Structures are given as structure tokens and as C-alpha cells.
Amino acid sequence: MPRTLLRAASAFALTLTALSAPAAHADDVTPVAVTVNARAALATVPETGIGTNHAIWDSNLGTDETADLLKDAGVKLLRYPGGSYSDIYHWADHTAPGGYVAPDTDFDTFMSGVRRTGAQAMVTANYGTGTAEEAAAWVRQANVVKGYGVKLWEIGNENYGNGHYGAAWEADDHADKSPAEYARTVVAYADAMKAVDPTIKIGAVLTTPANWPDAITAEGDDGSWNKVVLSTAGSKIDFVILHWYPGALDKVGHVPDMIQLTREQIAAYAGPGSERIGIAMTEFNTGSSSNGTNTQPGALAAADSYATLLANGVFTVDWWNVHNGIGAVTEVAGHTDYGDFGLLSSGVCNSDGSVCEPALNTPFAPYYALEMVSRFARPGDQFVRAASGEAKVSAHAARRPNGDLAVMLVNTSADTSYPVEIDYSGYSPASGAPTVLTHTNGATSITTSTGGSATARTLPPLSLTTLVLHPAAPQAGRPGAPGQPVASQVTDTSAKISWPAASPGSRPIVKYEVHRQNGAVSEQLGETSGTSFTPHNLKPGTRYTVNVIARDSAGDLSWASPPLTFTTGTPATSSCSVRLTIQSDWASGYVGAVDITNDGAPVSGWTLNFSWPRTWQSLGSGWSGVWTQDGSDVKVVNEAGNGSLGTGATATIGFVGNYSGPNVLPSVFTFNGTVCTTR
């Protein structure tokens, strides 16, 4: 998206306002059941997880006060030179033709702030109006001449916004504005930059699943932006770049599929060794001033999203922006929202001077959200599954190397204090009172106290609460965690799961247990004394996430292994086969064609059934059959003219599918009650 000092947000229907009705007290509310499952491990917290963006039009980019505030919030990555300015910025003379460059924002000043913050830098090389030679010279200046050791380098910013798909906000002087040209140029940049410093990591711009222009194939292209870029540049890059401005505050449920679909695209198109390619969310903001850009509702969405993105393996999430400037002024949840996408106040007034922000560098609510996440989940901790029985309350958990467990609870209700009752699986907290971190609506700091219990807590309206618990039993002498599992020989009902052996503790390891994550509940698939296991009772077309745990001769358990996610297929042979192809896609819907082949005995009538994998998917219309939808289940019955299918005969039907989140395609189809082979 275009980046300007005063960024206007799109209007969205939902507006959160202060409610005049009295708040509901905990005594009036049924306790919310929260489950924390330490056996269901997710990603390890990366060193660069908490990040934000600096921009060269911000004259406070390099001040000590700014750096110290970011350090206090736990920021570990700073991105430069700022959104779309990256594609007009020339580092050598510190100019951005067509844009404003503030004083004291040059690269050396930025790096001084990075070092004072205690963070790493991510630099975006100019693709739109620059050259590979210019980018390579920047690497030389940064890492050879200055010795800054900048490892993370992006090639361009949102370059799909160059007009190729219709909308044009990103500068691009290339005559060819296709993804193929971007990919070819990424290869040239990567070769030139790594010739200077082979240790750097190169990132390429992708579209974010279910966000425009994802999945769109423009005229003359061989596929979507992501397919073309990954197919050409996949062997040269080390990470991919996503941006996400969800606009509404309830989209965090999209994150697991968003990241999984990105991984599947990388695996499908980037070639051998693509598992090395990481995922960076280098711009994130709630994206709507009407929903609370710099007030508490936006902060709660930020904390929820940061934790979910990092738990799903993104190696950095970078808030847009440190300072951004005043926008549309509203009142949200009882406080003035300045429509400012910054973490810190710019201290400016609106155009007529009627409203002014607080003093320069006053933290806005999202600042405290980042601080809370950094104190909840520290580098080296391991996220574990947590779930809540109330939509207004979300839960996250992370296990620390010393055996402590942190639980972060988010209450998004503006008027209800929710009591919660927490159940722990695979973890026994000590009986003493936990450490409690709290941030409430309008608060100007995170409070720390000790009190209450590990199993019960009352959450104030619009609040963030983190509990830090100690284990009931000593952790010394337990086995180490098994290594990263891998899946092979995956069929419709089975998969071989293998893993590196765990290091024994003070007692020998006697067996390994394989657990499937089913929400925040674990289902044990089996156990073995070896380092591989093959379950044979899996369901076709189903995504599985599993962990492996070692158990020693005294019954003590290790930490869970890193997670493994794989998807089963459909039967290798069947009396029917189905092929689903996408004819066209416009990033919120698509035209699909389904070829149904009868590989069994002739039939005089047929019914095809499938289900939408996600609640945000639905049937728009269908043809060449009688289509009906009941909940997530879709049924297609033959028309009068295409009911008879002899052996080997094929019927083709079509439909319009709608989606408002990551589009996970249906993969299991039944034909007259038989599961078909999906091709």
C-alpha cells in the first residue's frame, strides 16, 4: 500500500465505541474454560520476532529516546527505509525523488538506532527505480566498509502494486511489470549482493493468501504472482515477504491457513531445498482507524496476531510504523483514536489544528501490546497450544527453557469482565501465586504483581493479562526434546513419521509418543521404542499436526518436538476419480471446474458430495448439476442429460466458490458414497 506521513485508513463497517451500559461483573458471567496443552508444541520464538518499521520521512527515526522506547518494548528487528519509499530511495546520496526525506534519517543514523535498540536490521533494496549494482554497493557499504553485519535484505516492497493488476501505488521503472520480470530481477539482485557478502539472506515479495492480488493470473502470465516468482527465483532466495492489514479485528483465525498455504506454495514452486525458505511478515497493522488503530481494541488485535503469527513459524512480525502521523480522529472504547498507525505519537495536529496528538513519543496502546508479547514469549521459548471457550477471550501459551510456562489471555469485550478457569495438560504448575502482567484500557504501562492462582483469573474488559508459572516438579534430569519430525510415504490413511533421537537425561529413554494436535487437545496416535512410527488409521484429505515426546524409565517426559504438519491424500485407486481446476480467481472468489470420472461399473444417476474446509467459504452458484449447500456440506445431483456414466466416462460440472479468508480447497469428494481419487 502507499505509505505517506499521514496515512488514511479505509472505512470499515464495524466501529467500536464506548458503551453506556454498565459493565458485566465476573459474578454475573459463566467462567470461560481455557485449555493449555504443553504436549502440543508449536514454533520456537525467534530472536527477531518482535519488529517494527522505520521510515526516512520520520526525523525522529534515529533519536536516543525513540531507540530506548523500542528497546523497552522488546523490539528486536527494525526495517528500513520505509514501505513504498524503498522503491524510490537511493542510499548513496540519501534521496527519494518524488518523496520527502527528513533530516537525520540516513543509513548510518538508522544503524546507530538499531544498535542502541539492541535489534537486528532489515533493509529493503530499491527494486522500483534502482539496480542490482546499487543494491550490491549498499551491501558492501553496510557489511564490508562499515561492518554493520546486516543479514536480512528484501528486494522491493509490494511490487505487485505496480499497475500490473490494475492498481498502481508502487514505483516501478521497468518496462515489463510482470511477476516474471520481478523474479528475473530478484535473481540478478541476489547474485550481485551475495557476491559481496555470501552470508546475507535475500527476501522476495509475495502476495498474502486471500489478500488482493493473491491468486489472480494477469494476461500473459504463467500463473499467479506467487507461482511465477517462486518458480523462477525460489533457488536464490532465503525468505519470502508478506504484508497484512486485515482491516477488522477478528481475522486472527485466518493466520494458520495463511501461513500454511504460503508454505505449500513454497514447497510446490520453489524447487529442491525449499524448506530452508522462511516467512517474514514485514508489515502488519490492524488496518482500520475506525476499529482502534492506536487505542486498546487495536492493541488487543495486535497482541493476538503477533502471538499467532509467531506460533505458526513466522520469523518476524513488523508493525507499521514507529511514527506515522495523525489521521481520521474518532473515539474508540472511551478514548481518542487519532487514526495513527504508529507505535509512538508524532506529536502533531490535524490540518485545521483542532485536534493534537499527545507529546512526541508518547506510546500508543499497540506499543504496550508489543511489550506484552515480548515479555510473554521470549526468544528461545516454545509456543504451545492454548484455546478458549469464549469468542471474546483468546489464549496463548509459551513454555520456557527453565520449565516455566507463560499464559497470555486477551479479553476483547468492551463491557464484560470474564472469569476464566484454566486447565493444564502435560504441565503441572506449582502451588504458589503466579507473576501477573496486566494492561487495561487506557493504561499507560504494564503492571506487574504476584497473586491469585494458576487456574483461575478474572480478566477486565479490553485487557491483556499474562501469567508466569513455575513447574511443580524439578525439570533437571529429564530427556531432551526429539528433533524435527518429517513425514514420508504419505497415503490416504497412513504416513511414516520419523525424527532424530532425543538426548537422554539422567535415565534412559524407553519410548517415544506421537501426539496429534486437535485444537488444544492432544490425541496420541501411538508409541514406539524406535525413531519412526506409522499410524494406519488416518482420514483422507486431512491436515495433521503432530509432535513427538520422549519418555524415560521413570515416566518423566521431555519437551515436545517441533511440530510436523502434513496432509493425507485420497485413495490411490478407486471406482471414481475427481479433478478440481480453477478457471479464474479474483482473490475473493473463483470459478471451479470439477471433472468426475466413473472408473467403476456404469451408473444411471450420480451424486457428488464434498465439504468446504473453512467457515468463510460458500457456494455462489453451480451448473451442469443440481447444487445445494447445507452448512459446509455441498451436494451435486446429476441433471437429466448427464446422469448416465459408463465405465471410463467423465462428467464436467462447474461452480462459483466464494471466500473471505485463505482459500483451502476441498480435497475429498465422494461419488455415490465412495471416496474418489483426487487428481
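Here is a short conversation about the sheets, disulfides and one helix pair of this predicted model.

Me: Happy to start with the sheets! Which strands stand at the edges of the open sheet of 9 strands?
Reply: The order in this sheet is β17-β16-β19-β14-β13-β12-β1-β15-β18, and the pairing is mixed. Each edge strand has a single partner, so one of its sides has no neighbour in the sheet. The strands in that position are β17 (447–450) and β18 (456–459).

Me: And how many degrees does the twist average from one strand to the next in that sheet?
Reply: The sheet in question is the open one with 9 strands and mixed pairing. From one strand to the next, its twist averages 25 degrees.

Me: Let's look at one pair there: which residue of β17 stands opposite T438?
Reply: Strand β16 covers residues 435–439 and pairs with β17 in the antiparallel sense, over 4 bridges. In β17, the residue opposite T438 is T447.

Me: Now the other sheet, with 4 strands: which strands have a single partner strand?
Reply: Here the order is β23-β22-β25-β26, in an open sheet with antiparallel pairing. Neighbouring strands are turned by 35 degrees against each other on average, direction ignored. A strand at the edge has a single partner, so one side is left without a neighbour, and this holds for β23 (521–528) and β26 (564–567).

Me: What is the bridge partner of R516 in β25?
Reply: Strand β22 (residues 509–518) pairs with strand β25 (residues 543–552) in the antiparallel sense, and 7 bridges join them. Within β25, R516 has as its bridge partner V546.

Me: On to the cysteines: how many disulfides are there?
Reply: The cut-off is that a pair of cysteine sulfur atoms lies within 2.5 Å. C349 and C356 have their sulfur atoms 1.8 Å apart, and for C576 and C676 the S to S value is 2.1 Å. Counting bonded cysteines along the chain, the pattern is 1-2, 3-4. The count comes to 2 disulfides.

Me: Is the disulfide of C349 and C356 left-handed or right-handed?
Reply: These two cysteines form a disulfide with 1.8 Å between the sulfur atoms. The torsion about their S-S bond is about 95 degrees, so the disulfide is right-handed.

Me: And the link of C576 and C676, left-handed or right-handed?
Reply: C576 lies in strand β27 (residues 576–585), while C676 is in the loop between β35 (674–675) and β36 (677–678), so the pair ties together parts 100 residues apart in sequence. About the S-S bond the value is -100 degrees, and the link is left-handed.

Me: Is C576 buried or exposed?
Reply: Buried means under 20% relative accessible area. C349, at 37%, is partly exposed, and C356, at 38%, is partly exposed too. C676 has 0% relative accessibility and counts as buried. C576 is at 0% as well, so this cysteine counts as buried.

Me: One last topic, the helices: is the packing of α7 and α8 roughly parallel or roughly perpendicular?
Reply: Helix α7 (residues 296–311) packs against helix α8 (residues 365–376) at an angle of about 30 degrees, and their axes are 8 Å apart. Angles under 35 degrees count as roughly parallel. That makes the relation of α7 to α8 roughly parallel.

Me: Lovely, and what is the handedness of the crossing of α7 and α8?
Reply: The contact is made by residues including A299, A303 and Y306 of α7, and A369, L370 and V373 of α8. As α7 passes α8, the crossing is right-handed.

Definitions and conventions
Residues numbered from 1 in each chain as written. Predicted model: local features only at pLDDT ≥ 70, side-chain atom pairs only at ≥ 80, totals over all residues. Heavy atoms only, no water. Pairing = 2+ DSSP bridges. Helix = DSSP H or I, 4+ residues; strand = E, 2+ residues; numbered from the N terminus. Axes fitted to C-alpha atoms, helices over the stretch in contact; angles between N-to-C directions. Buried < 20%, exposed > 50% of the residue type's maximum accessible area, 1.4 Å probe, protein only. Parallel < 35°, antiparallel > 145°, perpendicular 65-115°, else oblique. Left-handed = near helix turned anticlockwise from the far one by under 90°. Contact = heavy atoms within 4.5 Å.
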